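Me: I'm new to this structure and would enjoy a close look at a single part of the fold. Could you pick one strand and walk me through its surroundings?

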Amino acid sequence: MARRGAAALALALALLAVVLAGVGAQGAALQVPDYYVQETWSREPYYARREPKPEPFSPPLPAGTRDGEREPRLPEPRPPKKATKLKKAPKRDKLAPETPPPGKNSNRKGMRTKSSEKAANDDHSVPVARDDVRESCPPLGLETLKITDFQLHASTSKRYGLGAHRGRLNIQAGINENDFYDGAWCAGRKDLRQWIEVDARRLTKFTGVITQGRNSLWLSDWVTSFKVMVSNDSHTWVTVKNGSGDMIFEGNSEKEIPVLNELPVPMVARYIRVNPQSWFDNGSICMRLEILGCPLPDPNNYYHRRNEMTTTDDLDFKHHSHKEMRQLMKAVNEMCPNITRIYNIGKSHQGLKLYAVEITDHPGEHEVGEPEFHYIAGAHGNEVLGRELTLLLMQFLCQEYLAGNARIVRLVEETRIHILPSLNPDGYEKAYEGGSELGGWSLGRWTHDGIDINNNFPDLNTLLWEAEDRQNIPRKVPNHYIAIPEWFLSENATVAVETRAVIAWMEKIPFVLGGNLQGGELVVAYPYDMVRSLWKTQEPSPTPDDHVFRWLAYSYASTHRLMTDARRRVCHTEDFQKEDGTVNGASWHTVAGSLNDFSYLHTNCFELSIYVGCDKFPHESELPEEWENNRESLIVFMEQVHRGIKGVVRDSHGRGIPNVIISVEGINHDIRTASDGDYWRLLNPGEYVVTAKAEGFASSTKNCMVGYDMGATQCDFTLSKTNLARIREIMEKFGKQPISLPARRLKLRGRKRRQRG
């Protein structure tokens with residue numbers, strides 16, 4: 001009997017071991033690489049494992065190309081790869097050195113140690129993921145708002161505006177720092193029991209924490225050290241260990257530069273909590289943070305699979321250095337040589353070329369009657385999303401044109417499209433070196449010589465408005481084509497070489513419509529960007545074409561996946577839903593010398609600023625989703641160049657007349673014809689009285705109807721020379737000067753008097 005009892009006990013223990021192993025399989029799923037990879041990367045076709053196939057976007061190498069100069073190919077769907085490892089900020093001295101708490105063993109770089117791994121493995125309530133090769137996971141999405149406010153919790157908070165929902169990396173405070181929009185989570189008390197917590201809503205392999213202090217113009221608040229804890233149920237918590245004691249991570253030494261701390265051993269759990277241990281002497285417990293983590297597979301959770309963003313476009317979703325950008329543009333050009341051309345508009349302060357790609361059916365030439373459009377990105381070097389979107393767009397247009405997409409074929413053949421992906425490559429290289437999450441809010445924003453290109457254009461608004469107040473219009477200052485002041489053109493003026501290059505570019509090409517892509521918000525801003533009242537910083541300042549600009553802005557915002565979504569959370573402090581994701585620039589914040597205002601007042605181009613995402617520099621893994629958010633909007637906005645009226649102004653011999661002024665009754669802003677006499681005037685649907693006038697020609701007026709269907713209304717003019725102009729032309733032809741008619745009459749009268757006398 002004793003022998004039977006012992007056998008039964010052994011069998012029971014064996015069965016129990018099997019059951020426990022099955023229960024632990026979910027937490028230790030990371031140890032089965034194939035299972036983890038299959039679920040994580042099968043969410044999007046871009047990352048899906050597929051059988052190798054011939055690469056459709058792979059131009060042959062030109063003769064003489066060396067291996068080290070091999071041009072990149074537009075990618076085929078790739079096998080899963082590990083996320084780009086985030087770079088760490090350099091270690092800085094603290095502003096106020098503090099005595100470390102007992103048992104502190106700070107490790108900013110998060111290097112794995114045997115003792116810390118062993119200590120972390122001692123507690124079995126939270127599985128520890130062990131990898132032979134260390135893997136860096138992407139951000140969970142606090143900065144990009146993928147993590148909702150309901151997933152953020154804290155022990156206490158000073159007030160609502162400093163609640164856990166404000167503890168997001170790089171979140172910006174309002175100027176007044178009011179009760180609703182402040183720049184961090186701040187604990188309501190100063191003690192060691194305060195914490196901020198993130199609910200990932202599924203088992204996640206946590207690998208690191210990035211922290212900042214409070215964004216504030218007036219206060220200095222940041223955490224200098226903290227603990228990290230994880231949990232599966234939010235009740236039982238396991239502290240990350242370092243040897244036999246709790247690990248103390250080194251925090252921030254100032255409030256803006258992000259600091260990355262990698263966990264010594266990745267931890268698998270649903271919840272992660274940051275517990276501040278020390279903070280700046282004269283400040284409070286305030287933090288902004290991002291969590292690095294890889295969600296674990298959950299085949300039974302239909303909710304997560306249903307809400308995953310996917311893309312079917314086979315594009316190169318990665319961040320490109322300046323050299324990689326140039327190589328990608330060359331690859332597109334070699335794949336679509338009949339519709340693309342690469343050129344540069346100048347060089348940056350550091351000598352990097354400002355490359356642009358032209359996409360049209362006859363690249364390299366302006367076709368009469370075909371409007372010119374441009375996208376500019378990267379004026380602020382750290383606003384990287386716009387740069388990558390333009391690179392994705394040029395790939396997409398090439399692929400779809402070759403595939404015979406009727407919409408894209410029509411757009412390419414009827415439009416001359418110019419794409420300038422990186423206006424400030426010097427600034428981008430700085431931001432790129434810092435990395436996606438560790439560059440902060442401003443690293444790389446300015447040019448190498450410290451100039452903000454976006455505000456570096458001549459202030460033509462003041463010249464116009466002062467002339468209008470003196471009622472000098474149009475005698476001294478016209479309402480369009482306002483000349484650039486002489487001081488701005490001097491070599492000693494504080495003008496970036498990149499700014500001068502863009503001005504020359506826009507004066508050379510008759511652009512009709514353009515968008516400059518920026519980041520850090522989700523809104524489309526239209527001119528004027530400068531307030532008219534000197535004593536105000538925010539004031540609606542509409543242009544005479546305000547109704548057209550509103551339509552152009554709404555055409556982008558309404559087709560974006562998030563801009564007009566009333567349920568979405570505001571990026572930082574501004575809620576733009578009252579105008580459906582659009583805003584007059586001056587009513588947001590005044591800017592003197594903006595590209596938008598300069599384009600409108602100095603050229604024919606209607607320019608808008610398009611802010612494409614809350615995160616200026618999203619992680620590489622976010623690019624497919626951001627492309628899906630913006631793809632339709634990018635195309636729809638280009639199509640708006642074909643709204644309004646267009647035509648050619650000719651003389652009686654059929655030759656095009658340049659610089660003819662095209663005026664629309666009721667709109668105090670004119671445009672001019674290009675060198676071939678062709679013009680385009682953006683207008684909303686309606687009936688308009690249009691006048692063409694030029695020096696030496698009799699003016700002509702027509703009624704032009706603009707419909708709702710896509711396609712500009714043809715409205716041509718033929719101008720006849722005035723009698724005086726014809727006489728001058730005849731006299732000049734025979735080498736004589738034209739006779740002054742009034743002087744001739746006086747001479748005849750004098751002769752008659754003498755004859756009578």
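Reply: Let's take strand S20, residues 661–664. Ile661 and Ser663 point one way from this strand, while Ile662 and Val664 point the other way. In a regular strand, side chains alternate between the two faces of the sheet. All four of these residues in S20 are buried, where buried means under 20% relative accessible area, exposed means over 50% and partly exposed lies in between, using a 1.4 Å probe and protein chains only. Strands here are DSSP runs (E, at least two residues) and helices are runs of H or I with at least four, both numbered from the N terminus.

A word on what you are looking at: this is a predicted model, so local features need pLDDT of at least 70 and side-chain atom pairs count only at pLDDT 80 or more, whereas totals for chains, interfaces and linings use all residues. Residues are numbered from 1 along each chain as its sequence is written, and side-chain values use heavy atoms, leaving out hydrogens and water.

Now for the neighbours of S20. Strands pair if DSSP finds at least two bridges between them. S20 pairs with strand S21 (residues 667–672) in the antiparallel sense, over three bridges. Val664 has Ile667 of S21 as its bridge partner. Together S20 and S21 make a hairpin with two residues between them, and Gly666 in that turn has a positive phi of about 90 degrees.

S20 also has strand S23 (residues 686–693) as a partner, again antiparallel, with four bridges. Here Val664 stands opposite Val690.

Further along the chain comes strand S24, residues 700–706, which holds Cys704. Cys704 forms a disulfide with Cys715, their sulfur atoms 1.9 Å apart; a disulfide is a pair of cysteine sulfur atoms within 2.5 Å. Cys715 lies in the loop between strand S25 (713–714) and strand S26 (717–719), 11 residues from Cys704. Both cysteines, Cys704 and Cys715, are buried. The structure holds five disulfides.

Strand S26 begins with Phe717 as residue 717 of its range 717–719, and Lys702 lies over the face of Phe717, at 5.3 Å from the ring centre. For a charge to sit over a ring, NZ of Lys or CZ of Arg must be within 6 Å of the ring centre and within 35 degrees of the ring normal.

Finally, the wider setting: the protein chain has 17 helices and 26 strands, and buried residues make up 55% of its 757 residues.
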